[in-house]
Amino acid sequence: MEFVFAPAPAVAVPIAESADTASARERFPVRRVYCVGRNYAAHAREMGHDPDREPPFFFSKPADAVLYVAPGTTGEFPYPSRTNDVHHEMELVAAIGRAGRDIAVEHALEHVYGYALGLDMTRRDLQAEAKKMGRPWDVAKGFDHSAPLGPIHPVSRVGHIERGAIWLEVNGAERQRSDVSQLIWSTAETIAYLSTLFTLEPGDLVFTGTPEGVGAVARGELMTGGVDGLGELSVRVI
Ligand code: MN
């Protein structure tokens, strides 16, 4: 078989290094990027919604929106076009390692290969317009480089991340701080629900939602965020 042009390279995120350096060469090939909306009560409120436990809702980003940032380095996020209000959303990301559909909540975490730090960068002005017009969110959420991401930490090394601080600073000033235990829909519940809508496959990433404190960033500003157990993610807006 011949392609009419060279296929795009696979999007592949490094596995976090450990003392066992052999794993440093391993990569997690990304298939799809799913994101959960409004999954921390205080964030739902700040976006003008009732945080009552409605069913989770989802949107997605293209796999090649992933902007990998190696630990100990500062990634560069190009300020996107056609917006004057790009927001940070710090999130815990679950990386799926085993296929499944209609997964039971009590078995959902068995499908998780590992966890990563991610930023769901958002053109908030275009999202507000889409909401008002009843239009899709793609241009607000799925633009180029809209998913800065750290390495994948295998469950075999870090366990399941069900609690612990999630936070983000901009130029050293705290913007977001909560705890993963404050998720409205836990990672297991999110995966179970998502698997009733799509067959999950190895390589899928699930952004589990952002806590309160989202806000705008400007060119030159430095975003640093983390989740307990997963290190830090540093990204400069350029
Ligand atoms: Mn988000």
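**Figure 1. The manganese ion and its donors.** In this predicted model, the manganese ion is coordinated at 2.0 to 2.1 Å by E89 (OE), E91 (OE) and D120 (OD). Along the chain, these donors of the manganese ion follow the spacing E-x1-E-x28-D. E91 belongs to strand 8 (residues 90–96), whereas D120 sits in the loop between strand 9 (112–119) and strand 10, so the pair ties together parts that are 29 residues apart in sequence. Both E91 and D120 are buried.

**Figure 2. The open sheet of strands 10, 7 and 16.** Three strands form an open sheet in the order 10-7-16, and their pairing is antiparallel. Strand 10 (122–123) and strand 16 (215–216) are the edge strands, each of them pairing on one side only. Strand 7 (residues 86–88) and strand 16 run antiparallel and are joined by two bridges, and within this pairing H87 stands opposite A216 of strand 16.

**Figure 3. Strand 3 and its two partners.** Strand 3 is joined to strand 4 by four bridges, the two running antiparallel, while strand 3 pairs with strand 15 in the parallel sense over three bridges. C35 can be followed in both directions, since it stands opposite F59 in strand 4 and has F207 as its bridge partner in strand 15. In a regular strand, side chains alternate between the two faces of the sheet. In strand 3 both faces are covered, with V33 and C35 buried on one side and Y34 and V36 buried on the other.

**Figure 4. Helix 6 and the elements around it.** Helix 6 (residues 187–194) is mostly covered, six of its eight residues being buried; these are T187, A188, T190, I191, A192 and L194. The buried residues of helix 6 pack against strand 3 (33–36), strand 4 (58–61), strand 8, helix 2 (105–108), strand 9 and strand 15 (205–207).

**Figure 5. Aromatic pairs.** Seven aromatic pairs are found in a search of the whole structure. In one of them, the ring centres of W185 and Y193 lie 6.5 Å apart and the planes meet at 55 degrees, so the pair is tilted. W185 counts as buried at 15% relative accessibility, whereas Y193, with a relative accessible area of 31%, is partly exposed. Elsewhere, ring pairs link F57, F59 and W137 into a cluster.

**Figure 6. The nonpolar cores and the surroundings of L119.** The largest nonpolar core has 41 residues, and those with the most contacts inside it are F77, Y115, L119, M121, V180, M223 and V227. At least two residues of this core come from each of strand 3, strand 8, strand 9, strand 13 (165–170), helix 6, strand 17 (222–227) and strand 18 (232–237). Once its neighbours within four places in sequence are left aside, L119 is in contact with H88, E89, M90, S146, A147, P148, L168, F207, M223, L233 and V235. Another core, of 20 residues, lies apart from the largest one, and includes V13, I15, W137 and A147. Two residues in this view also appear in earlier ones: E89, a contact of L119, is one of the donors to the manganese ion, and F207, likewise in contact with L119, is the bridge partner of C35 in strand 15. W137 of the 20-residue core is also part of the cluster that ring pairs form with F57 and F59.

Note on methods. Residues are numbered from 1 along each chain as its sequence is written. This is a predicted model: local features need pLDDT of at least 70, side-chain atom pairs count only at pLDDT 80 or more; totals for chains, interfaces and linings use all residues. Side-chain values use heavy atoms; hydrogens and water are left out. Rings of Phe, Tyr and Trp (its six-membered ring) pair if their centres lie within 6.5 Å; planes under 30 degrees apart count as stacked, over 60 as edge-to-face and the rest as tilted. Buried means under 20% relative accessible area, exposed over 50%, partly exposed in between (1.4 Å probe, protein chains only). Two strands pair if DSSP finds at least two bridges between them. Donors are N, O and S atoms within 2.8 Å of the metal (3.2 Å for Na, K and Ca); water is not among the atoms, so sites may look incomplete. Contact means heavy atoms within 4.5 Å. A nonpolar core is a set of buried Ala, Val, Leu, Ile, Met, Phe, Trp, Tyr and Cys residues joined through side-chain atoms within 4.5 Å.
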